[in-house]
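I am opening a fresh notebook page for this structure. Come along while I look things up one by one.

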Amino acid sequence: MKSKIKDCAKVILYWHQNIGIEIATENYFKQDIYYKYRELINDLHEAFLCNEIKPEKIARIQLNDLLNRFSHEKIPKGMIKEFRLETIFKNKEIIRLEDLAKYILEYETEYDQTESVFDFPQGWIDEPSELKPKSVTIQTSGNSNFDPVYHAYYKIFKGIKQYNLGGLDLMVAAHNTAKIYQNEPVQHSDEPSCNENTNVEESTTINNPANFNFQFATGTNTLITNVLKGKIRITRVVVGTCRDWALKDKTE
Amino acid sequence: MKIQAGIEIANDTDEEVEVILPVGSIIELDVSEEMQNIALSASYKFTIPPYSTLKTQVEGVCLNKDLSEPSMASGRFTPFRYNSATIDQDEVWSTVSNPER
């Protein structure tokens with residue numbers, strides 16, 4: 001499913017790069033819209049190659065923005081075949097750009113639900129976008145130690161460890177706290193599994209930070225943004241100090 | 001109960017740097033220590049002169065009711081803040097214990 005969605009986005013971009021540009025040259029050459037269209041297609045293509053834009057965004061742009069004027073355009077059968085999309089549009093004789101965009105949007109929700117890692121949204125360091133609550137259920141194959149599952153899901157935090165920043169331990173602790181208050185089993189990595197039958201399928205629900213009411217603490221001049229931009233370094237954080245710690249430490 | 005945290009931030013550049021700690025900014029502790037993570041109960045603003053280190057203290061509330069209170073434990077800032085203009089201990093505990101599903 002994931003690859004089909006990506007292929008639909010590829011075909012949309014491929015169509016614009018090859019056929020859309022021709023139509024635009026024929027109809028809008030030297031008009032403002034022609035230059036804007038070319039620029040948008042180039043930007044989208046570049047962002048897609050760099051994995052900076054998701055198929056969903058491309059689909060939305062196709063249906064709502066400048067590209068929408070091409071939404072009724074037919075996609076050549078050869079292009080559909082080349083990307084092996086004929087299986088998802090079996091009953092359609094004519095496939096248009098809007099069909100691809102609508103397919104992406106229809107299945108993107110399902111695709112999101114099965115995504116197995118947490119990711120930072122684009123631009124989160126400078127302009128933090130609002131994180132939305134989202135839960136993912138992951139099978140744990142009979143092992144009631146959930147730590148490796150959390151570590152895999154939140155592997156993005158490894159990338160900021162070099163800046164002396166965390167996040168993974170916070171999320172694991174929050175999950176454990178929630179389990180305790182909801183009477184769900186909590187098992188830590190140093191405790192053996194109570195489950196003798198290791199083939200029993202188990203699952204755990206992983207919540208995104210927003211489910212715990214956590215949002216990004218980034219933005220202009222914030223500690224995190226300054227650290228990630230290399231302006232400052234956090235050299236020490238001590239929790240549970242006495243009130244005059246800073247003063248005492250200076251005189252030591 | 002409020003928990004104090006000591007922080008040191010170094011500015012190695014030749015320019016003054018302004019640093020904002022938004023209210024609710026979260027400091028985590030190693031999960032293996034089984035100690036409480038904290039959310040800052042106020043926002044803080046500092047200016048760090050060029051080539052100098054700021055040493056200061058901030059104050060927060062606990063995020064994990066079930067864990068023990070930290071004492072001189074090494075922590076790490078996270079990219080997150082608890083999203084509320086005012087930080088109330090009971091409300092924080094209730095939210096973290098009952099995540100939105």
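What pattern does chain B follow when read along the sequence? I wrote it down as β-β-β-β-β-β-β-α. That gives seven strands and one helix in chain B. Before going further, I noted that this is a predicted model.

**Entry: confidence in chain A**

I looked up the pLDDT of chain A and found an average of 83, with 85% of the residues scoring at least 70. Among the elements of this chain, β3(A) has the highest mean pLDDT, 97. The lowest mean, 66, belongs to helix α9 of chain A, residues 245-251. I also marked residues 191-201 of chain A, where pLDDT stays under 50. For that stretch the model has 17 contacts beyond four places in sequence.

**Entry: chain B as a whole**

How many residues does chain B have, and what percentage of them is buried? I found 101 residues, of which 56% are buried. Next I checked the contacts in chain B with a separation of 6 or more: 73% of them join residues 24 or more positions apart. Chain B exposes about 4400 Å², and I noted that carbon and sulfur atoms supply 44% of that area.

**Entry: the helix of chain B**

I turned to helix α1 of chain B, which spans residues 89-97. Which of its residues are buried? My list reads B:Q89, B:V92, B:T95, B:V96 and B:S97. I then asked what covers these buried residues. From chain B, the cover includes β6 (52-62) and β7 (73-82). Chain A takes part too, and its α7 (168-181) and β3 (214-216) are included in the cover.

**Entry: a cavity**

I searched for enclosed empty space and counted two cavities of 30 Å³ or more. I chose the second largest, with a volume of about 30 Å³. Which residues line this cavity? From chain A I wrote down A:A217, A:L223 and A:I224. From chain B come B:L21, B:P22, B:S25, B:I26, B:F77, B:T78 and B:F80.

Sorting the lining by type, I got eight nonpolar residues, two polar and no charged. Which element gives the largest share of the lining? It is β7(B), with three residues. The elements that each supply at least two lining residues are α8 (223-228) of chain A and, in chain B, β3 (25-29) and β7. I underlined β7 of chain B on my page: this strand is part of the cavity lining and is also among the elements covering the buried residues of α1(B).

Conventions
Residues are numbered from 1 along each chain as its sequence is written. Chains are lettered from A and ligands numbered from 1 in the order in which they are written. This is a predicted model: local features need pLDDT of at least 70, side-chain atom pairs count only at pLDDT 80 or more; totals for chains, interfaces and linings use all residues. Side-chain values use heavy atoms; hydrogens and water are left out. Buried means under 20% relative accessible area, exposed over 50%, partly exposed in between (1.4 Å probe, protein chains only). Helices (H or I, at least four residues) and strands (E, at least two) are DSSP runs, numbered from the N terminus. Contact means heavy atoms within 4.5 Å. On a 1 Å grid over the protein atoms alone, a cavity is a set of points where a 1.4 Å probe fits but cannot get out, and a pocket is an open set with protein on both sides within 12 Å along at least five of seven lines; lining residues have an atom within 4 Å of a point. Grid points are joined across faces, edges and corners, and a volume is the space filled by probe spheres set on the points. Ala, Val, Leu, Ile, Met, Phe, Trp, Tyr, Cys and Pro count as nonpolar, Asp, Glu, Lys and Arg as charged, and the others, Gly among them, as polar. pLDDT is the predictor's confidence in each residue, from 0 to 100. Accessible areas come from the Shrake-Rupley method with a 1.4 Å probe; for residues, only the protein chains shown count as cover.
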